[in-house]
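Open the model in your viewer and follow the stops below in order. Each one says what to select and what is there.

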Amino acid sequence: GDDLKSVLAACIPAEQERLRGIKTAHGSKVLGEVTVDQALGGMRAIPGMLWEVSLLDAEEGIRLRGHTIAELQIPSNEQADSVSAELRRRAELPDHVFRVIGALPPGTHPMTQFAAAILSLQPDSEFAKAYAAGLPKAKYWEPVLEDSLNLIAKLPAIAAAIYRHSFKGGRFIDPDPSLDWAANLAHMMGFDDEGCREMMRLYLTIHADHEGGNVSAHATHLVGSALSDPYLCLAAGIAGLAGPLHGLANQEVLKWMFQVQKQLGPDPTKEALEAFVWDTLKAGKVVPGYGHAVLRTTDPRYTCQREFALKHLPDYPLFKLCSTLYDVVKNPFPNVDAHSGVLLQYYGITEEDFYTVLFGVSRALGVLAQGVWSRALGFPLERPKSLTMELIEKRFSGH
Ligand code: NMX
Ligand code: MLT
């Protein structure tokens, strides 16, 4: 068959063999040295894990399985339809998930609701059950794939339920079985025009993966290395994505832009905007959406959203503000989060506290796909070495 599981089953043995070959031929070679600065500086650029789904280059940006963002037209129509059908079959959300979301105190941040809803599905984990029943290691990937597909299939309904609960008085909308995964998310949130659907497809594609070291991917990966099931892993990743230096930056960008509009009007001059940026920096705050731990160029995910905006909303005032900001800040360069909220606002998704949930729905694709590979390739428990200041002092100051 050419369903996902059969395709994977057919290519896993060769990849396992490849990994064994790398270990045998190169296992004792040196990948890099680690400086004290790196140990103190958030482990930036230390090569310490495998991540097959995507690879980031500081100058070029992300490649997903070797393809740049601009080249992403991958599946054939039949492949896309088959995955859509597979997800549709698994999409129904158990009633208790709505009750869990509804039971949280009013005002609970959508990302907290998201993590709680994901965890509330964990009792359904096939992997956890199979592991407890003594599943052999070579078969781990099979229930991990099941769990991952079940979870990915349910994420649009979870996200839409959080949206409707938080902002639309809790009136939920049923999925439309004729729609694809992304369009159904827009539909269940209450947005049915084709432009919004197309924006959602773009959004959910470009946020899917950004190699293994970013906070959400690494958190998911780390927890998975303990053989926690995909529900537990994704909840960990989502908790990391909820931080303002990571995924929550897309919410922060909008709050910041609204402050600009409030103080400077809808269409500020470059000079006024520059002064506003300086005020932000002098107040000891970051300019959200700008800068990146790895990228040293404009994020191609930003560029493709800009191209979408130039085509569909060229005269939208918030897009113009976003463009002027680009001209003013330039360095550090804008990342994906500097643009995404502008598109959402245009199509009427105006509640910026919700934006990181959409990032998370997309990010699940990459981190859960890698989770399947991590188990298929038998990756071990992650356990890097930590140090104390005393140890570093003793080692380098000769006492
Ligand atoms: N505003 C103000 N200062 C900044 C910014 C910014 N947007 N970006 C970097 N810097 C500063 C940074 O604090 C550092 O200062 P210092 O040397 O005084 O500590 C200096 O510029 C060099 O920073 P880098 O080493 O290039 O970046 P680093 O790896 O430390 O930080 C981020 C990366 C993403 C944490 C940082 O750029 C930032 O806080 N950006 C704003 C938040 C944001 O947009 N995050 C989203 C990232 C994408 N995502 O979705 O996860
Ligand atoms: C991401 O998409 O994860 C962000 O750009 C952050 C990162 O890569 O570190």
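**Stop 1: a loop leucine**

Select L313, which sits in the loop that joins α14 (300-312) to α15 (317-329). The model is a predicted one. Is L313 buried or exposed? Its relative accessibility is 2%, so L313 counts as buried; the cut-off for buried is under 20%. Now show what L313 touches: F308, F319, V342, L343, Y346 and Y347, leaving aside residues up to four places away in sequence. For a distance reference, add L241: the C-alpha atoms of L313 and L241 are 28 Å apart, with their positions 72 residues apart in sequence.

**Stop 2: the nonpolar cores**

Next, select F114, M189 and I349. These residues have the most contacts inside the largest nonpolar core, which has 93 residues. Colour helix α7 (residues 141-167) as well, since the helix supplies the largest share of this core, 15 residues. Then keep F114 alone and display its surroundings. Leaving out residues up to four places away in sequence, F114 touches L155, I158, I162, I238, V357, G360 and V361. A second core, separate from that one, has eight residues, among them I62, L295, C304 and V336.

**Stop 3: ligand 1**

Move to ligand 1 and select its shell. How many residues surround ligand 1? There are 18, and the closest are L245, H246, G289, Y290 and D337. By class, the shell around ligand 1 holds ten nonpolar, five polar and three charged residues. Three side chains are worth labelling for their distances to oxygen atoms of the ligand. A polar side-chain atom of R44 is 3.0 Å from an oxygen atom of ligand 1, and the distance for N335 is 3.0 Å. For R296, an N or O atom of the side chain lies 3.1 Å from an oxygen atom of ligand 1. Taken alone, ligand 1 exposes 900 Å², of which the protein buries 60%.

**Stop 4: ligand 2**

Finally, select ligand 2. Which residues surround ligand 2? They are H210, N214, H246, H292, R301, F359 and R363. H246 has already appeared at the previous stop, among the closest residues to ligand 1. The shell around ligand 2 consists of one nonpolar, four polar and two charged residues. Label the distances from side-chain N or O atoms to oxygen atoms of ligand 2: 2.7 Å for R363, 2.8 Å for R301 and 3.4 Å for N214. On its own ligand 2 exposes 260 Å², and the protein buries 85% of that.

Methods:
Residues numbered from 1 in each chain as written. Chains lettered and ligands numbered in written order. Predicted model: local features only at pLDDT ≥ 70, side-chain atom pairs only at ≥ 80, totals over all residues. Heavy atoms only, no water. Near = heavy atom within 4 Å. Polar contact = N/O pair within 3.5 Å; in protein donor to acceptor, adjacent residues only side chain to side chain. Areas by Shrake-Rupley, 256 points an atom, 1.4 Å probe, with all protein chains shown as cover. Nonpolar A, V, L, I, M, F, W, Y, C, P; charged D, E, K, R; others polar. Helix = DSSP H or I, 4+ residues; strand = E, 2+ residues; numbered from the N terminus. Buried < 20%, exposed > 50% of the residue type's maximum accessible area, 1.4 Å probe, protein only. Contact = heavy atoms within 4.5 Å. Core = buried A, V, L, I, M, F, W, Y, C linked by side-chain atoms within 4.5 Å.
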